[in-house]
Amino acid sequence: MTLLILGLLLFLGVHCVHMFAAGWRARQIARLGEKGWKGLYSLVSIAGFVLLIYGFGQARLQPVLLYVPPMGLRHLNALFTLVAFVLIVAAYVPRNHFKAKLGHPMLAGVKTWAFGHLLATGMLHDVVLFGAFLLWAVADFVVSRRRDRANGVAYPAGTLRGDLVAIVVGVAAWALFAFVLHTRWIGVNPPSSARMA
């Protein structure tokens, strides 16, 4: 659990700098240069990500049950995850209504993904991982939306084409991950897990 927490602190911590230490960040960019800052940022992010993946795997070997979710929530989590994939893809697709409305669909997607997994899992390591990502995504979304309003940021109007691309690519990515990659990378088969519920 220690490695998982350390990994989360590094990975999410570096992603919180713009929220809580914008002045310090600006000084580091001035001192290191844009490329130097991005290199350091990427290095810390990768180190944190590797640590949290390894730490999560280690924590799963000594599971601690905190609560038993109602059976139907595993199916509901599949829906939450599907929505999350569409929102995350929408962050990169030009001119879609998700981005026009939310401003930061990737953060909304992370919130949806983390919340869905908290509904469907009850182990301590799951709560630590998904709870940390949910708290970070909520905080970042609020700060980012507030900054957008303060700076008068307006996102381009959405189009039907942009919506369809985000939905089709998001659903395809979700299906690939849910039915193939989730089992290979994480060792849990979501469809089978939901059927067992």
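At 45% relative accessibility, Arg95 counts as partly exposed, and its place is the loop between α4 and α5. The model described here is predicted, and in this model Arg95 shows a backbone feature worth a pause. Its phi is positive, at about 50 degrees, although Arg95 is not a glycine. Most residues other than glycine have a negative phi.

The helix that comes before this loop is a good place to continue. Helix α4 covers residues 73–90, which makes 18 residues. From its first C-alpha to its last, α4 reaches 25 Å, close to the 26 Å expected at 1.5 Å a residue. Several residues of α4 are buried, namely Leu73, Asn77, Thr81, Ala84, Val86, Leu87, Val89 and Ala90. What do the buried residues of α4 pack against? Their partners are α5, α6 and α8, the last of these spanning residues 160–186.

Leu87 appears again when attention turns to α5, the helix that holds Leu102. Leaving aside neighbours within four places in sequence, Leu102 is in contact with Leu87, Ala108, Phe141 and Arg145. Leu102 is nevertheless partly exposed, with a relative accessible area of 24%; the cut-off for buried is under 20%, so a residue at 24% does not pass it. One of its contacts, Phe141, is 39 residues away along the chain, and the C-alpha atoms of Leu102 and Phe141 are separated by 9.2 Å.

A short step along the chain leads to His104, in the loop between α5 (97–102) and α6 (105–120). Is His104 buried or exposed? With a relative accessible area of 17%, His104 is buried, because the value falls under the 20% cut-off. The side chain of His104 makes a polar contact of 2.7 Å with the side chain of Asp148. Beyond its neighbours within four places in sequence, His104 is in contact with Phe141, Ser144, Arg145, Asp148 and Tyr155. Phe141 and Arg145 are thus familiar names, since they also figure among the contacts of Leu102.

The next topic is the nonpolar core. In soluble globular proteins, nonpolar side chains tend to be buried together. The largest nonpolar core of this model has 21 residues. Those with the most contacts inside it are Leu4, Leu8, Leu12, Leu52, Leu129, Phe133 and Trp136. At least two residues of this core come from each of α1 (2–14), α3 (22–60), α6 and α7 (124–151). Which helix gives the most to this core? That helix is α7, with seven residues. Phe133 gives a closer view of the packing: not counting residues up to four places away in sequence, Phe133 touches Leu8, Phe11, Leu12, Leu52, Val110, Trp113 and Ala114.

Two of the helices that supply the core, α3 and α7, also pack against each other. Their axes are 9 Å apart and meet at an angle of about 150 degrees. That angle makes α3 roughly antiparallel to α7, because angles over 145 degrees are counted in this way. On the α3 side the residues involved are Leu52, Phe56, Ala59 and Arg60, and they meet His125, Asp126, Leu129 and Phe133 in α7.

Thr121 sits in the loop between α6 and α7. At 18% relative accessibility, Thr121 counts as buried. Its side chain reaches the backbone oxygen of His117 at 2.6 Å. Not counting residues up to four places away in sequence, Thr121 touches Tyr67, Pro69, Asp126 and Phe130.

A few further residues round off the picture. Met71 has its place in the loop between α3 and α4, and at 55% relative accessibility this residue counts as exposed, since the cut-off for exposed is over 50%. The C-alpha atoms of Met71 and Ala120 are separated by 8.2 Å, with their positions 49 residues apart along the chain. Leu164 lies in helix α8 and, at 47% relative accessibility, counts as partly exposed. Between the C-alpha atoms of Leu164 and Val93, which are 71 residues apart along the chain, the separation is 9.9 Å. Val142, found in helix α7, is likewise partly exposed, with a relative accessible area of 37%. Val142 and Val14 are 128 residues apart in sequence, and their C-alpha atoms are 17 Å apart in space.

Note on methods
Residues numbered from 1 in each chain as written. Predicted model: local features only at pLDDT ≥ 70, side-chain atom pairs only at ≥ 80, totals over all residues. Heavy atoms only, no water. Helix = DSSP H or I, 4+ residues; strand = E, 2+ residues; numbered from the N terminus. Buried < 20%, exposed > 50% of the residue type's maximum accessible area, 1.4 Å probe, protein only. Polar contact = N/O pair within 3.5 Å; in protein donor to acceptor, adjacent residues only side chain to side chain. Contact = heavy atoms within 4.5 Å. Expected span 1.5 Å × (residues − 1). Core = buried A, V, L, I, M, F, W, Y, C linked by side-chain atoms within 4.5 Å. Axes fitted to C-alpha atoms, helices over the stretch in contact; angles between N-to-C directions. Parallel < 35°, antiparallel > 145°, perpendicular 65-115°, else oblique.
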